[in-house]
Amino acid sequence: MATARFPGKSVDVAAANWTAPAPGRQLCVNGTPWMLYLLEECVDNVWEYCSVVIGLISMFCFLLSTLPQVYEAYRNGKVEEAMSFGFLFFLFSGDVTSFAGCYLTSQLPIQVVTVVFYIFTDLILISQFLYYKIKNSSSRKSPVLKWLCFTWCGAATLVLLALPKFIIDNSATLDAQSPTTSKSVEITGYICGYLASVFYLCSRFPQLYKNFQRQSTEGTSYLLFALAMMGNGTYGLSVIVVLPALRGSKQTFIIKHLAWLIGSLGVLILDFFVTAQFIMYRKNNSSKSSTLLSVPEVEPLLCDEEELSVL
């Protein structure tokens, strides 16, 4: 299984490259060493190699995608006006269901750690949104709010740091289940994949409406969507590139990855509409910024005129 945000094991591709010299031991004959060590994938041809490299590029893009928005929210201080909470909620829900599918289908440790990082950045964005919403709506500044936010982020960090080890240590329990139970767990994992795709698709609509309502994209980092577009595009490409190297049924392989392909390519299309909004509302953003910059220059002049009239 692969999640909507990173590549998974291509069992159909790798299975033919394994040999079993002794019971309980498997040996990859012609595989790439670093891929075998890091991803436990036996890659022995150029199609598989390109697929894995493109998949890692996709993972890297998603790892970086939310960080520019975290900085933009900190710099701007008005993230509640720019971001839709629906966008953050559906993004978080998609990552949580991806994590559930990752656990149920016994994915690799690197994938578990990656999806946990996604959840961590989602929590930071949601915490920023709630912090600035409460802070900006309150007439007086409260230091308690800041400490509560730091405490919440610290507690979430500790939990998420311990979570991958807990999941990896308990993955052997899932692997030791009976074939019937294992099949039902795998089906549940794929259902989580479809749910994650639905959540990712739904996340864009609240933000599209928010931008349209404001006629502006100010306060939103375009890098968030640009890196997501690169991640989704390269993920879809990584699945397509590996098709010529498949030994098994190509149709079965596509069906297994269909949920995440729908999610990735669907979000990619919706992000083109977000890109169009950034282009359309660019003048509105610059005019608002120039208005804000001109206000401090006008106020002293007005004050001086009033003082002169009194004299």
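The legends below describe close-up views of a predicted model.

**View 1. The whole chain, built from twelve helices and two strands.** From the N terminus on, the order of elements is α-β-β-α-α-α-α-α-α-α-α-α-α-α. The protein has 311 residues, and 43% of them count as buried. About 16,900 Å² of the protein is exposed, with carbon and sulfur atoms supplying 70% of that area. Among contacts between residues at least 6 apart in sequence, 80% join residues at least 24 apart.

**View 2. The segments that UniProt lists under "transmembrane region".** The UniProt entry, which is unreviewed, gives residues 46–64, 85–106, 112–132, 144–167, 187–203, 223–246 and 258–281. In the model, residues 223–246 are 79% helix and 0% strand. The end C-alpha atoms of that stretch, 223–246, are 35 Å apart. Residues 258–281 are 96% helix and 0% strand, and here the end C-alpha atoms are 35 Å apart.

**View 3. A nonpolar patch on the surface, formed by Trp 34, Tyr 37, Leu 38 and Tyr 49.** Together these residues have about 470 Å² of accessible area. Helix H2, residues 33–39, supplies the largest share of the patch, with three residues. Tyr 49 belongs to helix H3, which covers residues 46–65. Tyr 49 counts as partly exposed because its relative accessibility is 34%, a value between the limits of 20% for buried and 50% for exposed.

**View 4. Helix H4 and the surroundings of Gln 69.** Helix H4 spans residues 67–76, and its buried residues are Pro 68, Gln 69, Val 70, Glu 72 and Ala 73. Gln 69 counts as buried because its relative accessibility is 0%. Which residues is Gln 69 in contact with, leaving aside its neighbours within four places in sequence? They are Val 79, Met 83, Leu 125, Gln 128, Gly 219, Thr 220, Ser 221 and Leu 224. Just after H4 comes Gly 77, with a positive phi of about 75°.

**View 5. Gln 215, in the loop between helix H9 and helix H10.** Helix H9 covers residues 179–214, and helix H10 covers residues 222–241. Most residues other than glycine have a negative phi. Gln 215 is not a glycine, yet has a positive phi of about 55°. Is Gln 215 buried or partly exposed? Gln 215 is partly exposed, because its relative accessible area is 33%.

**View 6. Leu 258 and Tyr 194, 8.6 Å apart in space from C-alpha to C-alpha.** In sequence, Leu 258 and Tyr 194 are 64 residues apart. Leu 258 lies in helix H11, which runs over residues 250–280. With 34% relative accessibility, Leu 258 counts as partly exposed. Residue 258 also begins one of the segments in the UniProt list, 258–281.

**View 7. Two cysteines, Cys 50 and Cys 192, in a structure with zero disulfides.** A disulfide is a covalent bond between the sulfur atoms of two cysteines. The model holds zero of these bonds. Cys 50 is partly exposed, because its relative accessible area is 31%. Cys 192 has a relative accessible area of 12% and is therefore buried, the limit for buried being under 20%.

Technical notes: Residues are numbered from 1 along each chain as its sequence is written. This is a predicted model: local features need pLDDT of at least 70, side-chain atom pairs count only at pLDDT 80 or more; totals for chains, interfaces and linings use all residues. Side-chain values use heavy atoms; hydrogens and water are left out. UniProt positions are given in the numbering used here, feature names are shortened, and annotations may be inferred rather than shown by experiment. Helices (H or I, at least four residues) and strands (E, at least two) are DSSP runs, numbered from the N terminus. Buried means under 20% relative accessible area, exposed over 50%, partly exposed in between (1.4 Å probe, protein chains only). Patches are made of residues with over 30% relative accessible area and no salt bridge: like charges are joined within 9 Å, nonpolar side chains (Val, Leu, Ile, Met, Phe, Trp, Tyr) within 5 Å. Accessible areas come from the Shrake-Rupley method with a 1.4 Å probe; for residues, only the protein chains shown count as cover. A salt bridge is a side-chain nitrogen of Lys or Arg within 4 Å of a carboxyl oxygen of Asp or Glu. Contact means heavy atoms within 4.5 Å. A disulfide is a pair of cysteine sulfur atoms within 2.5 Å.
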